[in-house]
Amino acid sequence: MPHTPLIATLVAGLGLAFIFGTVANRLHLSPLVGYLLAGVLIGPFTPGFVADQSLARQLAELGVILLMFGIGLHFSIHDLLSVRTIALPGALGQMALVTTLGFIVAQAIGWPIAAGVVFGLALSVASTVVVLRALQEKRQLETDGGRIAVGWLVVEDVAMILALVLLPAFASSFGGSTTRPSSGDGGLFTFLEPQTVSGALALALTKLTAFFAAMAIFGRRVIPWVLHYVAHTGSRELFRLAVLAIALGVAFGAAELFGVSFALGAFFAGMILAESQLSQRAAQETLPLRDAFAVLFFVSVGMLFNPMILVEQPLLVGATFLIIVIGNATAASAIAIMFGYSLPVALTLGLSLAQIGEFSFILAALGVELKLLPEAGRDLVLAGAILSILINPLLFAGFGRLMPWLKQREPVGAIQEDRKTDTPELTGTRLTHHAVLVGYGRVGSLVAETLQKARLPYLIIEERQAVADQLRALGAEVIIGNAAQPGLLEAANVGAAKWLISAIPSPFESGNLIERARTVNPTLEIIARAHSDAEVDYLTRLGANLIIMGEREIARSISEHILSRIDVSAAPNPNEGQTGRISE
């Protein structure tokens with residue numbers, strides 16, 4: 001049976017992404033490097049198999065939708081409004097500065113004014129996917145720098161939506177195509193099709209206002225109600241399906257009806273659902289698909305890259321790269337410092353925005369289609385995007401090493417991250433012969449209650465800032481961090497601990513923690529949780545002493561209850577084959 005383009009694209013994209021991502025991880029590089037290289041290898045500019053670019057981009061859109069929906073689930077309207085004083089003027093100021101730099105380069109090589117504006121604008125808007133992945137990996141999404149970055153991205157997305165609507169109206173004035181490309185993204189208001197700048201701007205603002213009103217009025221009532229209804233059916237399958245249907249449906253509806261990007265629509269859907277008690281469960285249900293399709297986004301970006309441009313136009317590629325990385329990072333960091341934020345917060349924001357992505361590709365493609373931007377400009381945007389995405393993880397790694405030095409040089413009066421630093425600081429404990437409890441979810445909270453009642457010394461390792469703050473308010477000793485975070489075991493004094501209790505559900509994260517803890521303290525009593533026999537074997541090999549499997553413990557509790565209700569004196573003799581009597 002011949003393969004289909006869809007299956008071939010999925011197999012080649014995910015398969016090569018896995019191989020090269022693993023190699024990159026082995027070399028202590030970000031897996032994103034491997035994903036991008038996989039895309040280059042299956043792209044049209046390298047020999048061998050060529051995947052379907054159109055399908056790859058559509059699959060990548062699913063990853064963007066699910067990623068933004070998941071981020072929205074951990075973000076509230078209050079969080080968004082809390083950073084509006086810096087995100088709105090900051091994002092617009094940064095875009096204006098970087099657009100000016102791009103315009104200067106375009107003028108220096110003889111491009112028209114319109115080409116310079118489009119080129120500069122394409123270099124000024126960061127990739128939502130790259131920013132959020134970087135902040136998630138560094139556990140900085142809930143810090144001040146992370147919240148500002150998300151608010152900044154929302155402003156940039158709205159600004160780019162307006163730019164994409166206005167560009168066709170400006171095209172004829174600058175000698176471009178007088179025919180507006182049929183994009184099909186005008187949505188509910190397509191019939192208006194204004195050709196003037198004022199008409200296009202009014203239409204764009206009307207669509208955005210209508211979208212926000214629909215989400216505030218309709219979405220806040222219907223979306224939570226639907227999920228609560230499905231949750232009460234008791235079907236996990238239906239609940240998972242409902243979450244995916246809401247995320248994809250709202251994103252698609254936002255694009256079709258209001259001309260809003262998939263990413264922005266999904267983000268607001270998640271943010272509205274975040275007010276529901278089911279938001280945490282919804283996030284867990286979308287996580288596997290979100291990660292898989294987010295990988296395809298980077299593969300699809302790699303497919304667009306023509307390596308020959310590095311040989312044919314190295315100086316222009318270098319100038320484009322420097323504008324994207326140095327220009328965006330410097331502009332964003334300088335603006336944050338002007339608003340009184342500390343140097344670590346400002347640099348976190350600047351490094352987050354030091355790359356470009358999906359909106360830049362769309363804008364460059366539209367510019368070429370309208371004959372405003374030469375094809376060389378689009379190629380430079382793609383080359384700059386690839387290189388900036390490749391270098392971004394390395395910049396964050398270097399920033400992490402500089403963090404202690406930067407903290408010592410923070411100016412007095414700088415705005416701190418809710419009076420905390422951007423990166424959760426690992427303050428060592430003085431406890432000895434204590435229990436280290438990793439994860440304060442449904443399981444961890446019950447274990448903590450037992451330790452508290454038994455008056456045993458313990459500390460909790462928890463990565464959620466809000467939960468950690470609540471625990472500290474109750475007097476518990478908490479270290480904010482992730483199980484895989486360097487220095488975590490030393491801060492928890494695992495070498496002098498008596499127990500390590502891993503209450504986190506991920507066997508891989510738990511396994512990594514157990515293996516490192518066993519090396520630090522060979523006599524440590526390690527207790528973990530698992531969901532299958534395979535996970536039990538895996539964690540046992542890594543050094544766990546006791547592994548509790550949920551299903552097995554449920555069965556044991558049910559069996560013990562049944563046996564406790566049996567009248568032992570009236571119990572049957574197995575040799576007689578009689579039936580026992582249940583006591584009342």
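These legends describe close-up views of a predicted model.

**View 1. Strand β1 and its buried side chains.** Strand β1 covers residues 435–438. Ala435 and Leu437 point one way from the strand. Val436 and Val438 point the other way. All of these residues are buried. In a regular strand the side chains alternate between the two faces of the sheet.

**View 2. β1 paired with β2.** Strand β2 spans residues 458–462 and runs parallel to β1. Four bridges join the two strands. Leu437 has Ile460 as its bridge partner in β2. Between β1 and β2 the chain passes through helix α18, residues 442–453. This β-α-β crossover is right-handed.

**View 3. β1 paired with β4.** Strand β4 is made of residues 499–502. Its pairing with β1 is parallel and uses four bridges. Leu437 appears here again, with Ile501 as its bridge partner in β4.

**View 4. The two faces of β5.** Strand β5 takes in residues 525–530. Ile526, Ala528 and Ala530 form its covered face. Glu525, Ile527 and Arg529 form the uncovered one.

**View 5. β4 joined to β5.** The two strands pair in the parallel sense, with four bridges between them. Leu500 has Ile526 as its bridge partner in β5. Ile526 also belongs to the covered face of β5. Helix α21, residues 507–520, carries the chain from β4 to β5. The crossover is a right-handed β-α-β one.

**View 6. β5 joined to β6.** Strand β6 holds residues 546–549 and pairs with β5 in the parallel sense. Four bridges make this pairing. Ile527 stands opposite Leu546 of β6. On β5, Ile527 is part of the uncovered face. Together with helix α22, residues 533–541, the two strands make a right-handed β-α-β unit.

**View 7. A nonpolar surface patch.** Phe18, Ile19, Val23, Leu27, Leu29 and Leu394 make a patch of about 580 Å². Helix α1, residues 5–26, gives the most to it, with three residues. Leu29 sits in the loop between α1 and α2. Its relative accessibility is 33%, so Leu29 counts as partly exposed.

**View 8. Helix α10 and the glycine after it.** The helix runs over residues 236–258, 23 in number. From first C-alpha to last it reaches 32 Å, close to the 33 Å expected at 1.5 Å a residue. Its buried residues include Phe239, Ala242, Val243, Ile246, Val250 and Phe258. Ala247, Ala251, Gly253, Ala254 and Ala255 are also among them. An α-helix has 3.6 residues a turn, so residues three or four places apart point the same way. Gly259 follows α10 and has a positive phi, near 70°.

**View 9. Helix α15, largely enclosed.** This helix consists of residues 343–352. Eight of its ten residues are buried, so the rest of the structure largely encloses α15. The buried residues are Pro344, Val345, Ala346, Thr348, Leu349, Gly350, Leu351 and Ser352.

**View 10. Met95 and Val125.** Met95 is part of helix α5, residues 84–108. Its relative accessible area is 6%, under the 20% limit, so Met95 is buried. Val125 is 30 residues from Met95 in sequence. In space the two lie 6.9 Å apart, C-alpha to C-alpha.

Methods
Residues numbered from 1 in each chain as written. Predicted model: local features only at pLDDT ≥ 70, side-chain atom pairs only at ≥ 80, totals over all residues. Heavy atoms only, no water. Buried < 20%, exposed > 50% of the residue type's maximum accessible area, 1.4 Å probe, protein only. Pairing = 2+ DSSP bridges. Right-handed = clockwise from strand over helix to strand, strands pointing away. Patch = residues over 30% accessible without salt bridge, like charges linked within 9 Å, V, L, I, M, F, W, Y side chains within 5 Å. Areas by Shrake-Rupley, 256 points an atom, 1.4 Å probe, with all protein chains shown as cover. Salt bridge = Lys/Arg side-chain N within 4 Å of Asp/Glu carboxyl O. Expected span 1.5 Å × (residues − 1).
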